[in-house]
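Work through these exercises with the sequence and the model side by side. Try each task before reading its solution.

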Amino acid sequence: MDRLVVPVIAAPMLRVSGIELVSAACAAGVIGAFPTANCASLEEFEAWLQRLNRETAGDRRSAPYCPNLIMRRDPARLKAEVELIVRHRTELVITSVGSPASVIPTLHDGGCLVFADVASVHHAERALEAGADGLVLLTAGAGGHTGWANPFAFVRAVRALFDGPIVLAGGLSDGFALKAASVLGCDLGSMGTRFIATRESLGSVPYKQMLERSSLDDVMATRAFTGLPANFLKPSIVQVGLDPAALDETVSVQEARNRFGGGSESAVIQRWADLWSAGHSVSGVTSVPAVAELVRTLRHEFNGSA
C-alpha cells in the first residue's frame with residue numbers, strides 16, 4: 001500500500017461508484033472500490049477491468065482499484081466475475097454480505113488479496129478461518145448497510161486477535177478522523193459518504209445537494225427498505241412521501257426487495273435510487289469537489305493533524 005497518498009478506500013457504493021469515480025480515485029492516490037453489481041453485464045465489468053488496468057499499469061502514482069463481490073448474488077454470475085478478476089490480475093477485492101470461503105481459493109491462486117467485510121468479532125474470526133487477508137470493519141454510522149459496533153471497541157477487539165490489515169468503515173468524515181483511526185490500529189479507512197459528494201460520482205445533483213444540507217441528525221437506521229439495518233437520509237424518505245416514524249421495521253429481506261426494488265421491477269420506490277443513503281460522516285460534507293481536490297484536502301488534514 002506504499003502507492004497511497006493517504007490510507008483511504010473510496011468505498012464501494014451501489015449506483016454511485018461508477019467507472020469515472022473509481023478511475024479518479026486511483027489517479028489521485030486512493031483505492032477506488034466499486035460493487036461489481038454496478039456493472040450491467042459481465043461484458044461491462046470486463047471493460048471496466050481493462051480500462052483500470054490500462055490506467056494503473058506501471059504508474060507508481062496510481063493506487064489499486066478494488067472490485068466488491070457481493071456474495072449473496074447469483075452463483076453463476078459470481079463465479080464468472082471471479083474468473084474475470086483472476087484473468088485480469090486484479091490486486092485486491094472486498095467481499096461482503098456473506099462468507100468469502102467459496103471464492104478465496106480461486107482468488108488466492110490468481111494472486112489477489114481478499115478483504116472481508118465483517119460486522120462482528122465472530123464474523124471476523126470466521127473470515128480469517130476462511131483465509132481472508134484483511135478485514136473491513138463495518139461499524140455503527142456507516143452509510144447504507146451498517147454495523148452496530150462502536151469503532152473504538154471493535155477495532156481493539158479485532159486487533160487483539162489479528163495482526164494483518166484492518167480497514168475501518170463508518171463515520172470517517174475527514175483526514176483528522178482518518179489519523180485517529182490509524183492511531184487506533186487501522187491500516188486503512190473506508191470513506192463512502194464523502195465520495196458520493198464528488199463531481200465524478202453517479203449520485204444525482206439533488207442527492208449531492210441534500211448531502212450538503214444534511215447533518216448527522218438527518219441520518220436514520222432502518223430495516224424497512226432492505227430487511228437489514230441500513231442508514232438512510234430522513235429528508236429523502238420524506239421526499240418520496242413516506243413517514244420516517246411509521247416505517248415497517250419487521251419486513252424480511254425478500255419483502256423489502258419486493259417493495260423497494262432489488263429484483264422487483266414493479267416497485268414504485270427504488271432503494272438507493274429514490275431513497276438515498278448516507279453515513280454519520282454526512283456532517284463533514286460541505287461542498288462537492290472533484291475527487292482529486294477532496295484527496296488533497298484529506299492528505300493535508302491527515303498529515304497536519306499529527
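## Exercise 1: A salt bridge beside helix H11

Arg 259 has a relative accessibility of 40%, so Arg 259 counts as partly exposed. This value belongs to a predicted model.

**Task.** Find the salt-bridge partner of Arg 259 and place both residues in the chain.

**Solution.**
- Step 1. Look for the acid. Arg 259 forms a salt bridge with Asp 248, and their closest N and O atoms are 3.3 Å apart.
- Step 2. Place the two residues. Arg 259 sits in helix H11 (residues 253–260), while Asp 248 is in the loop between helix H10 (234–239) and H11. They are eleven residues apart, and the pair links distant parts of the chain.
- Step 3. Classify the acid. Asp 248 has 29% relative accessibility, so Asp 248 is partly exposed.

## Exercise 2: One helical turn

**Task.** Explain how Arg 51 and Glu 55 are placed relative to each other in helix H2.

**Solution.**
- Step 1. Check the contact. The side chains of Arg 51 and Glu 55 form a salt bridge, with an N to O distance of 2.8 Å.
- Step 2. Count along the helix. Both residues are in helix H2 (residues 42–56), four residues apart, so about one helical turn separates them.
- Step 3. Classify both residues. Arg 51 has a relative accessible area of 21% and is partly exposed. Glu 55, with 32%, is partly exposed.
- Step 4. Widen the view. A network of salt bridges links Glu 20, Arg 51 and Glu 55. The count of salt bridges comes to nine.

## Exercise 3: A bridge across the sequence

**Task.** Work out which parts of the chain the salt bridge between Glu 293 and Arg 199 ties together.

**Solution.**
- Step 1. Start with the distance. The side chains of Glu 293 and Arg 199 meet in a salt bridge at 4.0 Å, N to O.
- Step 2. Locate the ends. Glu 293 belongs to helix H12 (residues 291–304), and Arg 199 to the loop between helix H8 (193–196) and helix H9 (205–213), so the pair ties together parts that are 94 residues apart in sequence.
- Step 3. Classify each end. Glu 293 is partly exposed, with a relative accessible area of 36%. Arg 199 has 57% relative accessibility, so Arg 199 counts as exposed.

## Exercise 4: Two helix pairs

Two packed helices are described by the angle between their axes and the distance between the axes.

**Task.** Describe how H2 packs with H3, then how H7 packs with H12.

**Solution.**
- Step 1. Take H2 and H3. Their axes come within 10 Å and cross at roughly 20 degrees. Angles under 35 degrees count as roughly parallel, so H2 and H3 are roughly parallel to each other. The crossing of H2 past H3 is right-handed.
- Step 2. List the contact. H2 supplies Leu 42, Phe 45, Glu 46 and Leu 49, and H3 supplies Arg 77, Ala 80, Glu 81, Leu 84, Ile 85 and Arg 87. By class, these residues are six nonpolar, no polar and four charged.
- Step 3. Take helix H7 (residues 175–184) and H12. Their axes come within 7 Å and cross at roughly 50 degrees. That angle makes H7 oblique to H12. The crossing of H7 and H12 is right-handed.
- Step 4. List this contact. H7 supplies Gly 175, Phe 176, Leu 178, Lys 179 and Ser 182, while H12 supplies Leu 298, Glu 301 and Phe 302. The contact of H7 with H12 has four nonpolar, two polar and two charged residues.

## Exercise 5: Positive phi

**Task.** Place Arg 89 and Val 97 in the chain and describe the phi angle of Arg 89 and of Val 97.

**Solution.**
- Step 1. Arg 89 lies in the loop between helix H3 (75–87) and strand S4 (92–96). Its phi is near 55 degrees, a positive value in a residue other than glycine. Arg 89 is exposed, at 63% relative accessibility.
- Step 2. Val 97 lies in the loop between S4 and helix H4 (104–109). Val 97 is not a glycine, yet its phi is positive, about 55 degrees. At 34% relative accessibility, Val 97 is partly exposed.

## Exercise 6: Inside or outside?

**Task.** Decide whether Ile 31 is buried or exposed.

**Solution.**
- Step 1. Ile 31 lies in strand S2 (residues 31–35).
- Step 2. Buried means under 20% relative accessible area. Ile 31 has 0%, so Ile 31 is buried.
- Step 3. Ile 31 and Val 8 are 23 residues apart along the chain, and their C-alpha atoms are separated by 6.3 Å.

Note on methods
Residues numbered from 1 in each chain as written. Predicted model: local features only at pLDDT ≥ 70, side-chain atom pairs only at ≥ 80, totals over all residues. Heavy atoms only, no water. Helix = DSSP H or I, 4+ residues; strand = E, 2+ residues; numbered from the N terminus. Buried < 20%, exposed > 50% of the residue type's maximum accessible area, 1.4 Å probe, protein only. Axes fitted to C-alpha atoms, helices over the stretch in contact; angles between N-to-C directions. Parallel < 35°, antiparallel > 145°, perpendicular 65-115°, else oblique. Left-handed = near helix turned anticlockwise from the far one by under 90°. Contact = heavy atoms within 4.5 Å. Nonpolar A, V, L, I, M, F, W, Y, C, P; charged D, E, K, R; others polar.
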